[in-house]
Structures are given as structure tokens and as C-alpha cells.
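Subject: Structure handover

Hello,

The structure we discussed is below. My notes on helix packing, salt bridges and the smaller chain elements follow it.

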Amino acid sequence: MSCCAPGAESGTEAGFLSPDELRHAARSLGNGIAQIELSVPAVHCGACIHSVEQGLSRLEGVVSARVNLSTRRVSVRFREDAPPPLTETLTALGYPPHLFDEAAVDKDRSLSELLRGVAVSGFAAGNIMLLSVSVWSGADGATRDLFHWVSALIALPVLAFAGGIFYRSAWQALRHGRMNMDVPIAIGVTLAYAMSLYETTQHGDHAYFDAVASLLFFLLIGRTLDHVMRDKARSAVQGLARLAPRGAIMVAPDGGREYRQLGEIEPGNRLLIAAGERIPVDARVDGGTSDLDTSLVNGESRPQHVSPGSVVRAGTLNLTGPLTLEAIARADDSFLAEMMRMMEAAEGGRTRYRRIADRAAALYAPVVHLAAFATFLGWMAVDGDWHKAVTIGIAVLIITCPCALGLAVPIVQVVAARRLFERGVMVRDGSAMERLTEIDTIVFDKTGTLTLGRPRLVNIASVAPDMLAVAAALGAHSRHPLSQAIARSASGQAAFHNFDAVTEIPGFGMEGKAGPSVWRLGRAGWALGQDKDPSVSSQSGTLLTRDGRECARFEFEDVLRPGAARAIQALQRSGKSVHMLSGDTEAACDDVAKTLGIRQYAAALLPSEKVARIADMAKDGHKALMVGDGLNDAPALSAAHVSMAPATAADIGRNAADFVFLREGLEAVPLAIDVSERAGKLIRQNIGLAIVYNIIAIPIAILGHVTPLVAAIAMSCSSLLVIGNALRLLRAGEGISVARPAAAPAMGHYSEGGAR
Amino acid sequence: MSVLVYLIPAALLFGLASLAAFLWALKSGQYEDLDGAGERILIDSERLAASGNGDPKHS
């Protein structure tokens with residue numbers, strides 16, 4: 001265990017990877033060596049690196065282990081014939097590992113292409129500038145021509161390497177009949193190079209090779225930063241991927257057991273699901289009773305009791321007892337896949353949204369190109385020297401090259417994303433921040449979003465302490481959330497009670513034998529010794545009984561997310577309307593809505609109804625931010641104008657969200673809106689600065705006073721100005737505190753429906 | 001001005017050498033874990049050697 005062992009929350013639900021899954025996920029390197037990449041989100045410092053690498057290297061069969069701290073991954077090479085117990089070892093060390101998709105492992109090609117471009121153009125910009133300074137300080141004749149030729153030679157690979165990135169993007173845009181920032185950049189750079197080359201062959205005075213190289217250098221820096229930011233957010237999101245079921249143990253008709261991949265499970269197959277595993281496909285319970293945590297699937301906060309005959313949905317978590325299931329759908333037809341299809345159908349604001357920079361470019365490019373063309377025509381009319389007219393026309397293009405625009409927007413967004421990242425909010429891309437500034441409505445899911453989906457015992461005061469200790473001793477043996485809540489709340493008191501035997505009766509509760517007496521903690525009807533069938537039980541609630549006599553009754557509430565009330569108030573104060581859409585019961589929603597002061601809410605909604613509500617809002621001209629975590633929220637997340645999810649959300653929900661917040665507090669929502677709005681303001685300022693710069697620079701260029709020296713100075717100044725302006729954001733957003741309050745308020749009753 | 005015949009190629013050569021060094025570092029994966037590189041200097045070298053690898057390519 002390292003000094004900085006991670007908190008308990010990361011380990012509780014991971015489950016173990018079976019050797020089968022491990023072998024499926026690893027890829028063979030030849031020579032009998034296989035390599036596997038595991039995500040270990042808990043790794044976060046040098047000591048963690050050391051203990052993980054040491055711990056794994058000591059295992060039999062491990063060839064090497066290397067931690068990547070930036071991506072929170074460890075890659076392990078091991079001998080294929082002897083798969084080492086990687087998961088068990090890492091979990092024991094305090095770093096529970098997760099698998100992630102093979103596709104994500106692929107090295108990011110475009111980042112290294114961008115970095116190569118930055119390197120090549122940086123080298124060229126430096127060297128060409130060296131030669132250009134000599135020219136500007138008076139080199140002439142053969143020396144100047146030589147310097148120009150050398151510059152032309154150095155600038156050529158820049159156009160090929162670095163320019164290629166812009167050419168491709170410009171071509172993509174033009175081919176689809178759109179305009180983006182890269183079109184004027186590509187045209188300007190190409191014409192500048194061609195004109196300079198012509199000048200060089202004619203022994204001319206002015207060549208703009210330095211402008212070409214430094215322009216591409218600056219623009220690529222902006223683009224690389226943008227890419228790194230998105231990459232970081234993406235890999236952090238992937239690192240969180242909870243272990244979704246990739247397969248299950250199947251019972252063959254002859255009684256044999258084998259591991260089946262998710263895609264190979266057919267309806268009619270019989271599956272064994274142990275307690276603590278997620279259900280892989282929609283299925284009917286064949287044998288066994290248990291409780292299922294369905295909160296991610298339908299938003300219900302209360303565990304659901306299942307017995308033979310019940311239909312269970314893919315993605316729910318089996319809490320207490322082993323189940324034998326009969327699959328009733330293939331993975332592709334299961335609930336999860338249905339949600340995915342609804343998400344695709346619901347693709348909302350983000351596909352129609354056009355980035356500010358692209359909208360600016362659509363206006364900007366024609367104006368600039370027309371200005372350059374008019375300059376050319378004007379000079380032709382004035383003195384008829386076509387060489388001079390072309391030179392000045394191209395100088396106009398160079399001086400107006402949208403360096404400031406190309407740099408201004410990404411730099412502001414990178415700085416904003418960094419600010420949010422420090423406060424535990426990850427941003428998928430810059431357009432998300434732009435869209436977030438437009439919203440006027442905020443829609444929250446309840447379970448897992450406004451609340452933590454974690455019950456808390458509320459009537460400790462009215463339970464006798466010795467009874468609480470007995471209940472806690474029993475509850476500590478179970479995974480059931482209510483049992484664990486009891487065990488947690490009694491953690492201060494010594495669990496003195498010694499039972500001779502404790503057994504979990506899945507779906508009903510815990511039973512402990514101490515001498516002659518039998519203690520039961522769980523479903524009221526069962527604990528009192530009435531009928532075992534919960535549906536005929538007249539009593540509801542969670543009881544502790546001794547030989548069938550009631551000793552204590554427990555009541556639970558769902559814990560509100562810290563800061564929820566303040567966040568909602570802040571949002572309402574800023575004039576946005578706040579709604580709550582939940583799949584949970586009316587009673588549970590009413591409690592939460594009252595406590596938080598949410599006036600508009602709807603309960604017991606199906607996933608499709610959530611989407612419909614959001615579509616209705618869009619039809620009325622509202623732009624909505626959806627904050628949700630469950631599988632049932634995923635279609636609504638992608639239907640909304642912009643979306644946000646907590647890090648604990650279901651995988652597909654988190655992947656659909658534009659923002660993911662890592663900390664518990666709900667202040668992340670107003671914080672993200674605040675930072676995005678400041679960023680939006682700075683972007684508009686920067687675009688304003690670029691316009692002012694052009695208003696000053698264009699007349700000078702049209703009059704023919706722009707030499708390469710003037711162009712270099714003007715462009716550097718405007719770039720520095722917008723970068724400096726963007727950096728002001730580093731001081732923004734310090735007013736909102738995301739500190740966790742000492743005590744979390746609680747809401748939402750658990751016990752009414754008869755769960756134990 | 002004949003000194004330029006040496007100086008320009010020399011300047012370019014230095015630039016190219018550093019460019020090549022950067023591209024090599026990029027390709028060999030040294031830019032893949034910038035956070036980790038900063039932390040690793042705090043690990044005792046003997047203990048790191050004991051963990052059996054210092055190969056930056058392997059990531």
C-alpha cells in the first residue's frame with residue numbers, strides 16, 4: 001500500500017477480471033510474450049508508479065511493467081503460457097485496474113503529426129528569420145539572392161509537412177461546400193510562397209518566406225494545444241471506464257461451464273451471474289433470488305428484488321445472491337443497444353452547431369479575398385504594372401492572414417479547459433464551451449446526479465445503540481447498499497456481537513445465529529417470520545428482529561450531492577430555469593425537488609419521454625443543458641444542446657456528455673457555465689482585436705507600404721496581443737468555491753416500497 | 001563574405017541536428033508521459049533498476 005492509497009470509492013465496484021478476459025484483451029507480441037494495457041485511474045504520483053511497477057514486476061511470468069502517469073495506464077508484458085494474477089495484485093496494492101477498448105489503445109497519430117509539424121516549422125521559422133534579419137539589415141545583391149534561395153529551400157518542407165495539415169482541412173471544408181479558417185490560411189500561405197519564389201528568381205527585394213514559416217509555426221502551436229487538451233480529457237474519461245461486462249459464464253446443455261464473449265451470447269443461453277457482477281444482456285431469472293441495483297438503468301434509487309421469472313435488463317448490477325439467467329435477447333437487441341440507437345436518433349444541437357471561428361471565417365475569408373483582389377485591380381488601373389499590383393495584392397493577403405483568429409479562439413479555449421480541469425471538470429472540445437454559453441434551461445436527472453444514489457441511515461437517534469451494533473455486524477457481511485449504510489453509520493461503535501453463523505438470504509436480508517437466538521436484518525415481512533414471498537408481505541421497511549420479534553426499524557434517505565442546493569440557487573439567480581426529469585417515483589422526486597427549490601419536475605419518465613421533453617423545449621426555442629448519469633439519461637444527453645455527466649455515470653452516458661465532472665460537488669455546473677461565459681467574452685474580444693488590427697493594417701497594405709519587415713512585426717504583435725488577452729482567463733472563476741461542505745444534506749426516502 | 005560559405009551550412013546543420021533530436025525523442029515515446037517523467041526522478045535509481053526496466057519505448 002502506498003502513501004497515497006486511493007479512496008475507497010474507486011475499488012468498491014470494480015470486480016475482478018477473469019483470466020479469460022485477460023487473455024482476450026491482451027495482444028500477442030510473438031515469442032510467447034503478450035502485452036496488455038490496463039487503466040489504473042488511482043495512480044497519481046511517483047510513489048504510485050513505484051509501487052505498481054514493483055508489485056507487478058515481482059509476479060511470476062511478468063516480463064516488464066511500465067506505468068504511464070499522464071494517461072493513468074499501466075502496460076504489462078507477460079509470458080502467455082502463464083497469465084499472472086494482475087487484477088488481484090493491483091487491487092491488493094490499492095489500484096483496481098479496468099480494461100478499456102482495444103480501439104483506444106491505438107497511438108494517437110494526429111498528435112504526433114502536429115508535433116512533427118510544429119518541430120519542422122519552428123526550425124524553419126528560426127533559420128529563415130535569421131537570414132531575413134540579415135536581408136533587412138542591408139544585405140543586397142548576390143548575398144540577398146543567396147539568402148532568399150536558402151530560405152526558399154528551408155520553407156519547402158514546411159509547406160509540405162506543416163502546410164499539409166491546413167491544406168487537407170481546407171480541402172475537406174471546400175469539398176463539402178463549407179468555409180473554415182484553414183481556407184484563407186492555405187490560400188494565403190501558398191500565394192505568399194509562390195510570389196516570394198518568383199521574386200527570388202527575378203532578384204527582387206522582398207520575399208515573404210519568413211512570414212510563411214512563422215505563420216504556420218504559430219498556428220500549429222495553437223492547434224497542438226487544442227489537440228492536447230482534448231486528448232487529455234478523452235484519456236481521462238476512458239480511464240474511468242467502469243468494467244462493463246464483456247462476457248459471462250455460460251452453462252452448456254451438458255452441464256459444462258464455459259466463458260462466452262458478449263457478442264456470442266444467444267437467446268436461450270443459460271448464464272451464471274455472481275453477486276457483484278453486471279448483467280450482460282436482457283434476461284429472465286431462472287434460478288436464485290437477489291437484489292439488483294438498477295439506478296444506472298432506470299434512475300430508481302431503491303434496489304429491485306428479483307426472483308425466478310423476473311425479467312432483468314442489461315447493465316444492472318447484481319448485488320446479493322448468485323443468479324442463473326436465461327438470455328432473452330442478444331447483446332445487440334438488449335437495453336444498452338436500444339439506448340445507443342436512441343442516442344443516434346436524438347443527436348441534437350451539437351451536429352447543427354457551427355463553431356464561432358468557422359462562422360467568423362465564413363464572413364472573413366470572402367471580405368479579405370475581395371479586398372486583395374480589389375487592391376490588385378486598383379493598382380492595375382492606377383499604374384498598370386501587373387507585377388507591382390500582384391505583389392501588393394498578395395501583401396494584403398499575408399497581412400490579413402487570420403493568425404489572430406486562428407490562434408485567438410483555441411488559446412482561449414485551452415486556457416479555459418485547463419482552468420476547468422484543475423477544478424475537476426473535463427471538457428470534450430471547444431465547441432462544448434461555446435454551446436454552453438447559449439443555454440437558458442438546465443435539466444437535471446435525480447438519482448446519481450442531484451443525489452449520490454447512496455443511502456444514509458437517518459433515524460440513528462431512535463435506534464438503541466446495542467441494536468444498531470448488532471445490525472451493523474450483520475450488515476457488514478452484505479453488499480446491499482442499505483446493509484452497508486447501516487454498517488457505515490455504526491462504524492464508530494465497536495461491533496461486539498459474535499455470531500456463530502451469518503448467512504445472506506439473497507433478496508431478503510441477513511440472518512445471524514448466536515446461540516439459541518436467530519437475528520434477522522432485512523425485509524420486514526421476512527424478518528418477522530411471515531411468508532417468504534415479498535408480494536404478500538403486509539409489512540414494509542427494514543427491520544432488525546430477534547426470533548421474529550421486532551428490535552429496531554431503520555429508515556434511509558438518499559444523500560444529496562454536496563453543494564446541490566447552492567448550485568441550483570446560483571443557477572436560478574442567473575435567470576436560468578431549472579427542471580428535474582427522473583425515472584424514479586413521484587414521492588422520491590417530490591422530496592428532492594422541495595428541498596432544492598426546483599419547481600418544475602417530472603417523475604417516472606421513460607428514456608424516450610425524457611428525450612421528448614427536451615425536444616419540446618428545443619421546439620419552444622429553449623436551449624437546454626442536460627445533466628445526467630444513467631443509461632436512461634444517455635439519449636437525453638445527446639438530444640440536449642449541451643450535456644454534462646458526473647464521473648460515476650454509466651459509460652455510454654459519460655461518452656455522450658460534453659462535460660464530465662470528477663468531484664462530488666454539483667458546483668461544477670455553475671462553474672463550467674461561468675468559465676465558459678468568460679471564455680466566450682474573451683473570444684469575442686479577441687475577434688474584435690483582430691478586426692481592429694485589420695482595420696489598421698489593411699489600408700497600409702493596400703497603399704503598398706507593407707514590406708516583409710512590416711508584416712513580421714505586425715503579425716507578431718497581433719498574435720502576442722490575443723495570447724495575452726486569453727491568458728487573463730487564468731484569473732477568472734476564482735469566485736466560485738468547489739469545496740465540499742462538512743455535512744451532506746440528505747433527501748429522498750428509500751424505505752417506503754418494502755425494500756429491506 | 002566568403003565566410004558565409006561555412007557559416008550558413010553550419011547554422012543549418014545545428015538547426016537540423018536539433019530537429020532530428022526532437023523527432024527522435026518524439027518517435028521513441030519520450031513525450032508520451034510528461035507527468036510521469038517529472039515524478040520518476042523522485043524514485044531512487046536503485047529501486048527503479050530493480051523493477052527491471054527503464055526502456056522509454058515501452059509504453
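In this predicted model, the axes of helix 13 (residues 386-399) of chain A and helix 25 (residues 668-702) of chain A come within 9 Å and cross at roughly 165 degrees. Helices here are DSSP runs of H or I with at least four residues, strands are runs of E with at least two, and both are numbered from the N terminus. Axes are lines fitted to C-alpha atoms, for helices over the stretch in contact, with angles from 0 to 180 degrees between N-to-C directions. Helix 13 of chain A and helix 25 of chain A are therefore roughly antiparallel (under 35 degrees is roughly parallel, over 145 roughly antiparallel, 65 to 115 roughly perpendicular, and the rest oblique). Their crossing is right-handed, that is, the near helix is turned clockwise from the far one by less than a right angle; anticlockwise would be left-handed.

A second helix pair spans both chains: helix 6 (residues 142-175) of chain A and helix 1 of chain B have axes that come within 13 Å and cross at roughly 20 degrees. That angle makes helix 6 of chain A roughly parallel to helix 1 of chain B. This crossing, too, is right-handed.

On numbering and criteria: residues are counted from 1 along each chain as its sequence is written, while chains are lettered from A and ligands numbered from 1 in the order in which they are written. Local features need pLDDT of at least 70 and side-chain atom pairs count only at pLDDT 80 or more, whereas totals for chains, interfaces and linings use all residues; side-chain values use heavy atoms, with hydrogens and water left out.

Salt bridges (a side-chain nitrogen of Lys or Arg within 4 Å of a carboxyl oxygen of Asp or Glu) number 22 over all chains. Three pairs and one network are listed here.

- A:Arg168 and A:Glu113 form a salt bridge, with the closest N and O atoms 2.4 Å apart. A:Arg168 lies in helix 6 of chain A and A:Glu113 in helix 5 (residues 109-136) of chain A, so the pair ties together parts 55 residues apart in sequence. A:Arg168 is partly exposed at 47% relative accessible area, and A:Glu113 is partly exposed at 27%. (Buried means under 20% relative accessible area, exposed over 50%, and partly exposed in between, with a 1.4 Å probe and protein chains only.)
- A:Glu438 pairs with A:Lys623, the closest N and O atoms being 3.6 Å apart. The two residues sit in loops 185 residues apart. A:Glu438 is partly exposed at 29%, as is A:Lys623 at 34%.
- A:Lys446 and A:Asp584 meet at 3.2 Å, N to O. A:Lys446 belongs to helix 16 (residues 446-450) of chain A, and A:Asp584 to the loop between strand 23 (577-581) and helix 21 (586-596) of chain A, 138 residues apart. A:Lys446 is buried at 0% relative accessibility, and A:Asp584 is buried at 3%.
- A:Asp445, A:Lys610 and A:Asp633 are linked in a network of salt bridges.

Chain B has three helices and zero strands. Of its 59 residues, 27% count as buried. The accessible surface of chain B is about 4100 Å², 68% of it from carbon and sulfur atoms (Shrake-Rupley method, 1.4 Å probe; for residues, only the protein chains shown count as cover).

Regards
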